[in-house]
Amino acid sequence: MLKNALKLPWRQENVPHCLIDIIRGCNVVCENCYNTDSAHVKPLQEVKDEIDLMVKHRKLHSLAIIGGEPLLHPKLDEILEYVNSKNILVELFSNGLLLTEKRLEELAKLKVKLIFVHIEKGQIRKDLPINATEDEVKELRYKIAKRVHNAGIEVGTIFTSYKDDMHSINIALEEAIAERSMTYLIVTLFRDYTRFNTLKGDMEKGFQGSIDFKKKTDEVPYSNFDVMKYMHEQYGFKPFAFLSSNREAYDPRWVSYLLAVFYPKDGGEPIYHSIKSGYLEKFYLFAHYTIKGKYPFFQEQDEKKAYALLKLNGLFGGDLKGNRAFLKRIKKQEGELKLLRVLFQAPAKIDSDGTLSYCDTCPDAVVKNGKIVPACVGDQL
Ligand code: SF4
């Protein structure tokens, strides 16, 4: 299934992305929150030092500010200015509670390009009733997504997926297709980190750990092979790109899909098409790296470029027939075209020999005690 997917080429210092964790503590309570550290605010200088360390080790195209809830950090604006001064694009992860129109206007001025909004069923938050229904949660997600989009910032949504409830993938995906404002979707496969007994090491030498097999858990073994099979059965989609694990070249820890979605002006149903990667995308990565000295990570929406991609991708090893059929379907209609990027992430796991298996070179690494480590196991180290 990965045969025609683009293998992401990042290695060591070429990795174009990282996370910067600026605060612990949150104004929302989530089920299965990975954030187990006690609440604290990182001083501005410490955050700047972490950004400097990442810049020294990676050729960053963009970075994401995470927490806890980053909007609670009293020096968030200074942190964003510092990232801007390094010529790095910035994304933000937020539960959306403090994303008022005024704050979004400020964040847009501070060049925040993308906000991932995390609003899920089971959260305890003051803008939702306790035991809110799926529809109430969705309504809130749409409301905040539209507000972010109206401020000129792109919107992503984040979900956790469980092997015994894969239908939630359909819900998340179809919601991101239906809502014009949403251009990124991250689905994380559930991992129960409370079962981790010990974990030691670093990304250079590798990590070793152990699991408490006696501990009761909701975790059912779940991998991106399950996801790819499901996506193919449900939608006929094939992966656009993937990232291997640190241990196996064809163990896909990241699997991404690229969808072109057209919204007819007359309010009809969105028309969508899954794009297959070809030589064009490989050439684009190579050209970007050669000219700008770094691989691209965050991709801004641009309707003209999306049309050009659909036309050229087919000519250079992509899905010529499929792209043409899609373009023909939307040709005579007025409307808007967006690209929707969907990413499935399989978080790190401890293999039977005690070695940690994680996304190769971890593009979502954070700094922990002066070392660069995968964010998903940062609290276990
Ligand atoms: S190893 Fe963990 S933190 Fe790193 S990219 Fe994979 S899921 Fe994200």
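The paragraphs below lead through the cores, a helix residue and the ligand shell of a predicted model. Residues are numbered from 1 along each chain as its sequence is written, and side-chain values use heavy atoms, with hydrogens and water left out. In this predicted model, local features need pLDDT of at least 70 and side-chain atom pairs count only at pLDDT 80 or more, while totals for chains, interfaces and linings use all residues.

In soluble globular proteins, nonpolar side chains tend to be buried together. A nonpolar core here is a set of buried Ala, Val, Leu, Ile, Met, Phe, Trp, Tyr and Cys residues joined through side-chain atoms within 4.5 Å, where buried means under 20% relative accessible area, exposed over 50%, and partly exposed in between (1.4 Å probe, protein chains only). The largest such core has 94 residues, and Leu63, Ile65, Leu107 and Ile115 have the most contacts inside it. A second, separate core of 26 residues includes Leu258, Phe262, Leu309 and Leu310.

Tyr284 belongs to helix α7, which spans residues 279-292; helices (H or I, at least four residues) and strands (E, at least two) are DSSP runs, numbered from the N terminus. With a relative accessible area of 38%, Tyr284 is partly exposed.

Around the ligand stand residues that have a heavy atom within 4 Å of it, among them Trp254, Tyr358, Asp364 and Cys376. By class, this shell has 9 nonpolar, no polar and 1 charged residues, where Ala, Val, Leu, Ile, Met, Phe, Trp, Tyr, Cys and Pro count as nonpolar, Asp, Glu, Lys and Arg as charged, and the others, Gly among them, as polar.
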